[in-house]
Amino acid sequence: MAANTTPAGIDKEQAFGMAETEMEYRVELFNRLGQTCFNKCVDKRYKESELNMGENSCIDRCASKYWQVNSMIGQMLSAGGRPPM
Amino acid sequence: MDKNMLAGLEGLPEEDKARMSSMIDHLQLRDRCFNDCVDNFTRKALQKQEETCVMRCAEKFLKHSMRVGLRFAELNSQAATQD
């Protein structure tokens with residue numbers, strides 16, 4: 001019998017569907033995180049095309065915090081079940 | 001610490017840059033730069049300063065997205081090892 005990596009009770013199609021959904025979620029998360037942190041951190045006057053040091057630090061910290069909030073909410077919504085990531 | 005981060009960004013392999021740029025929402029980029037830079041509708045041609053603003057905005061947003069992509073990948077792999 002061929003080795004099966006999918007968990008018992010889930011067929012290949014279901015696993016593919018879940019992976020697709022997960023991928024869409026990831027892309028959405030990436031875009032939302034980017035949008036949010038750009039709004040929070042970047043000066044809209046666009047005096048130059050480079051990101052300055054302050055903006056860089058802000059972006060890093062913003063990404064970290066956004067990620068934490070996302071995890072928290074995911075956990076709350078799944079009623080204290082396993083973390084979504 | 002910041003210099004190291006910058007170095008990582010420049011030295012990204014082309015395939016990673018391509019992958020990231022395909023994930024970036026181009027519609028969002030367009031709308032953002034239009035909304036932030038274009039306010040004057042007395043003429044139908046783009047003014048020079050509007051053009052400059054849009055170019056800077058687009059470049060800046062792309063650089064920002066690349067940086068976010070790096071952080072995202074880091075946070076992702078941290079989360080994975082925690083499981």
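This is a chat about a predicted model of two chains, A and B.

Trainee: Let's start simple. How many helices and strands are there in chain A?

Mentor: Chain A has two helices and zero strands.

Trainee: And what about chain B, how many helices and strands there?

Mentor: Four helices and zero strands in chain B. Reading from the N terminus, the elements go α-α-α-α.

Trainee: What share of chain A is buried?

Mentor: Buried residues are 28% of the 85 residues in chain A. For chain B, 35% of the 83 residues count as buried.

Trainee: How much surface does chain A expose?

Mentor: About 6000 Å², with carbon and sulfur atoms supplying 58% of that. The accessible surface of chain B is about 5600 Å², and 55% of it belongs to carbon and sulfur atoms.

Trainee: What about contacts over a long stretch of sequence? In chain B, what percentage join residues at least 24 apart?

Mentor: If you take contacts in chain B between residues at least 6 apart in sequence, 63% of them join residues at least 24 apart. Do the same count in chain A and you get 42%.

Trainee: Switching to the inside. How many residues are in the largest nonpolar core?

Mentor: That core has 25 residues, and the ones with the most contacts inside it are L33(A), Y46(A), W67(A), C37(B) and F72(B). Several helices each supply at least two residues of this core: α1 and α2 (53-77) of chain A, plus α3 (26-37) and α4 of chain B. The largest share, seven residues, comes from α4(B).

Trainee: Why would nonpolar side chains end up together like that?

Mentor: As a general tendency, nonpolar side chains in soluble globular proteins tend to be buried together.

Trainee: You mentioned Y46(A). Where does it lie?

Mentor: Y46(A) is in the loop between α1 and α2 of chain A.

Trainee: A loop residue, okay. Is Y46(A) buried or exposed?

Mentor: Y46(A) counts as buried, because its relative accessibility is 1%, and the cut-off for buried is under 20%.

Trainee: Which residues is Y46(A) in contact with, leaving aside its neighbours within four places in sequence?

Mentor: From chain A there's F38(A). From chain B the list is R32(B), D36(B), C37(B), C53(B), R56(B), C57(B) and K60(B).

Trainee: What about the backbone there? What is the phi of Y46(A)?

Mentor: Y46(A) has a positive phi, about 50 degrees, although it isn't a glycine.

Trainee: New topic: empty space. How many cavities of 30 Å³ or more does the count come to?

Mentor: One cavity. About 60 Å³ of space lies in the largest cavity.

Trainee: Which residues line the largest cavity?

Mentor: From chain A, the lining has F30(A), N31(A), G34(A) and Q35(A). Chain B brings I24(B), D25(B), Q28(B), F61(B) and S65(B).

Trainee: Which helices do those come from, if I want at least two residues each?

Mentor: α1 (12-41) of chain A and α4 (48-82) of chain B each supply at least two lining residues. The largest share, four residues, comes from α1(A).

Trainee: How does the lining split by class, nonpolar, polar and charged?

Mentor: The lining of the largest cavity has three nonpolar, five polar and one charged residues.

Trainee: Tell me about F30(A). Which helix is it in, for a start?

Mentor: F30(A) is in helix α1 of chain A. F30(A) counts as buried because its relative accessibility is 5%. The C-alpha atoms of F30(A) and W67(A) are separated by 9.9 Å, and these two are 37 residues apart along the chain.

Trainee: And F61(B), which helix holds that one?

Mentor: Helix α4 of chain B. F61(B) counts as buried because its relative accessibility is 3%.

Trainee: What is F61(B) in contact with, setting aside neighbours within four places in sequence?

Mentor: F61(B) is in contact with F38(A) in chain A, and with I24(B), Q28(B), L29(B) and R32(B) in chain B. Among these, I24(B) and Q28(B) also line the largest cavity.

Trainee: How far is F61(B) from C33(B), going by C-alpha atoms?

Mentor: Their C-alpha atoms are separated by 8.8 Å, with the two residues 28 apart along the chain.

Methods: Residues numbered from 1 in each chain as written. Chains lettered and ligands numbered in written order. Predicted model: local features only at pLDDT ≥ 70, side-chain atom pairs only at ≥ 80, totals over all residues. Heavy atoms only, no water. 1 Å grid on protein atoms, 1.4 Å probe; cavity = no way out; pocket = protein on both sides within 12 Å on 5 of 7 lines; lining within 4 Å. Points joined across faces, edges and corners; volume = space filled by probe spheres on them. Nonpolar A, V, L, I, M, F, W, Y, C, P; charged D, E, K, R; others polar. Buried < 20%, exposed > 50% of the residue type's maximum accessible area, 1.4 Å probe, protein only. Contact = heavy atoms within 4.5 Å. Areas by Shrake-Rupley, 256 points an atom, 1.4 Å probe, with all protein chains shown as cover. Core = buried A, V, L, I, M, F, W, Y, C linked by side-chain atoms within 4.5 Å.
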